[in-house]
Amino acid sequence: MRPERVQPVSLADAAAALPQGAPAITAAPGTEAGAWSVELTGVCINSRQILPGDLYLALPGARHHGAGFAADAAAAGAAAVLTDAAGLAQLPDTGLPVFLAEDIRRLVGPLSAAVFNSQPQDGSAPLLFGVTGTNGKTTTTYFITSLLKALGRSTGLIGTIEILAGGEAIPSVLTTPESPQVHGLLALMRERALDAAAMEVSSHAISYRRVDGVVFDVAGFTNLTQDHLDLHGSMEEYFAAKADLFRAGRSRRAVVTVDDEWGRRMAEVAGSRGTTLATADGVHDADWQVRAVQRQGLGHSFELHPPQGAPLRVRTGLPGTFNVSNAALALAMVLESGVDPALVQRALDEHDPFTVEVPGRMQLLCESPAAIVDFAHNPDALQRTLESVRRPEGRVIVVFGATGERDQTKRPLMGEIAARLADVVIVTDDDPHDEDDAAIRADVLRGARRAAEAAGPDGSRILEVAPRAAAISRAVELAEASDTILVAGRGHEVWQEVKGVNLALDDRVELRAALARAGFTVPTYDGVES
């Protein structure tokens, strides 16, 4: 996740490149003045990932200080150590030059940018698109890369499902990797002469400074709904984290979806660098506007009207009107980067780039019954997904749960939504982590049963089935050919964490197997799903 060749940079030059107001770096007592000339070829915060020539940043952690692992970093070839006063107090004698700074986390991104030279001023870096919001980040970045490929561009991708640097996919662990990896990847993409890259930017990434030192050419905003309040505490704090991406110095241009008040507020943050996009009915004061939305098979066709010029004719084969929003945002972002609209229209007509399959995102596994796996794991996403899969005939059967050790207030809300919008609700386990799985299910069931009872005789059927594979099998057993089965919450994920143990579990594999056992025809899929 870094280039093969890095021009060595002295620590003195890297420190000189830090932005104004960054914490000062000083030599630790006993470190010779000549140590500032030590040459660096990388930056790393994990002693197990050190390569020769790296600057090891020994950060304070939740349980241990990184200084305690400095000997391991030295043995792996680290060239120098940068830590804080607390780290210096427990730093072993490694023989390496040692430097000090306070609030060292603020230096990780800028130092990584300086050492990896990830976005030089000569314009050789790939055009960088960043997408944030609660829902739709993954699909929008896939849409951006698909459209750019249709335009003949070579592309990279950094996101929840995978990381692409023009070649083989690298499975992703974090939605946005740590800052040294981000800058290493951007430098790798530049080394491979890629034209552009799209990156998912989560609120965690912004709050934990994983994108510090990165400047996005075009930033995009999808939406903001309840999620991650276990980290942020309130919707206002959640908004503030997202808004940081749209401030000067973080992004050069911005496209902000303004379908609600959160979006309108985000547009105010972007100011003159931003342009607005309306994808919802009744919003008419945006620069870019979605109009003439029509159902076309499982997907939709629509028009995207720009601030000036002729509208673009667009379609997406992915189900759900929210994928109209995702496609419109991806299209507006690419156009705002300066691509000729005529070339874009030709690519849309000839390549249908917004019908690309996104692993675990409204992924259709079978048509009769319609069997769909999606990542919807918060109230707004679940509601939109359930509304989008309803067909004129047949029932909707939904299988879902809630993640342990996360925002507990959304659990009964998701239960209520499922009971209102589905005919059969099967509550099961998601990733319990270290929390009691039965207690999590009980929270979800409380909301589901309340909504079902309020609906009276016409209320949905509520079932509790665990483990998750058994719940998926039960959904298929209940299904008829005209029904729709939605397995929601985990999407592309292939491991389920229970009490610290990762259990192999892929909703797509389980759903395909259950459909085959029941005698339904399941199309073969030859791609790599995640």
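Is Asp195, at 38% relative accessibility, buried, partly exposed or exposed? In this predicted model, Asp195 counts as partly exposed, because its relative accessibility of 38% falls between the limits of 20% for buried and 50% for exposed residues. Asp195 is situated in the loop that runs between helix 6 and strand 12. Beyond the residues up to four places away in sequence, Asp195 touches Pro126, Leu127, Gly152, Arg153 and Ser154. With Ser154 there is also a polar interaction, in which the side chain of Asp195 reaches the backbone nitrogen of Ser154 at 2.9 Å. A further relation across the sequence involves Ser124, which is separated from Asp195 by 71 residues in sequence but by 8.9 Å in space, C-alpha to C-alpha.

The loop between helix 6 (residues 179-191) and strand 12 (residues 196-200) also holds Ala193. Ala193 is not a glycine, yet its phi is positive, at about 60 degrees. Ala193 counts as exposed, because its relative accessibility of 55% is over 50%. A positive phi occurs as well at Asp352, likewise not a glycine, where the angle is about 50 degrees. Asp352 lies in the loop between helix 12 (residues 341-351) and strand 19, and its relative accessible area of 24% makes it partly exposed. Most residues other than glycine have a negative phi, and most peptide bonds are trans.

Cis peptide bonds were found at two prolines, Pro369 and Pro467. The bond that joins Ser368 and Pro369 has an omega of about 0 degrees, and Pro369 belongs to the loop between strand 19 (residues 363-367) and strand 20. The bond from Ala466 to Pro467 has an omega near 5 degrees; Pro467 is in the loop between strand 23 (residues 461-464) and helix 16 (residues 468-478).

At the level of the whole molecule, the protein chain contains 17 helices and 26 strands. The radius of gyration of the protein chain is 24 Å, which agrees with the value near 24 Å for a compact globule of 530 residues. Along the principal axes, the C-alpha atoms fill a box of roughly 80 × 55 × 40 Å. Of the 530 residues, 56% count as buried. Among contacts between residues at least 6 apart in sequence, 67% join residues at least 24 apart. The exposed area of the protein chain is about 21600 Å², of which carbon and sulfur atoms supply 49%. There are 47 positive and 68 negative side chains, and the centres of these two sets lie 2 Å apart.

Helix 13 (residues 379-389) provides a view of the packing between elements. Its buried residues are Pro379, Ala381, Leu382, Thr385, Leu386, Ser388 and Val389. These buried residues pack against three strands numbered 20 (residues 370-374), 21 (residues 396-400) and 24, as well as strand 16 (residues 288-296), helix 11 and helix 14 (residues 410-421).

Several residues in these surroundings were examined individually. Thr484 lies in strand 24 (residues 484-488) and is buried, because its relative accessible area of 2% is under 20%. When neighbours within four places in sequence are left aside, Thr484 is in contact with Ala370, Ile372, Val389, Arg391, Arg395, Val396 and Ile397. The side chains of Thr484 and Arg391 are joined by a polar contact of 3.2 Å.

Ala422 occupies the loop between helix 14 and strand 22 (residues 424-427). With a relative accessible area of 5%, Ala422 is buried. The contacts of Ala422, apart from those with neighbours within four places in sequence, are with Leu386, Arg390, Val396, Val398 and Ser460. Ala422 and Gly394 are 28 residues apart in sequence, and their C-alpha atoms are 11 Å apart in space. Val396 is thus listed among the contacts of Ala422 and among those of Thr484.

Asn326 is part of helix 11 (residues 321-336), one of the elements against which the buried residues of helix 13 pack. Asn326 counts as buried, at 7% relative accessibility. Residues up to four places away in sequence not being counted, Asn326 touches Gly136, Thr139, Thr140 and Phe143.

Definitions and conventions:
Residues are numbered from 1 along each chain as its sequence is written. This is a predicted model: local features need pLDDT of at least 70, side-chain atom pairs count only at pLDDT 80 or more; totals for chains, interfaces and linings use all residues. Side-chain values use heavy atoms; hydrogens and water are left out. Helices (H or I, at least four residues) and strands (E, at least two) are DSSP runs, numbered from the N terminus. Buried means under 20% relative accessible area, exposed over 50%, partly exposed in between (1.4 Å probe, protein chains only). A polar contact is a pair of N or O atoms within 3.5 Å; within protein, one must be able to donate a hydrogen and the other to accept it, and residues adjacent in sequence count only if both atoms are side-chain atoms. Contact means heavy atoms within 4.5 Å. The radius of gyration is taken over C-alpha atoms; the globule rule is 2.2 Å times the number of residues to the power 0.38. Accessible areas come from the Shrake-Rupley method with a 1.4 Å probe; for residues, only the protein chains shown count as cover. Lys and Arg count as positive and Asp and Glu as negative; His and the chain ends are not counted. The place of a charge is taken as NZ of Lys, CZ of Arg, CG of Asp or CD of Glu.
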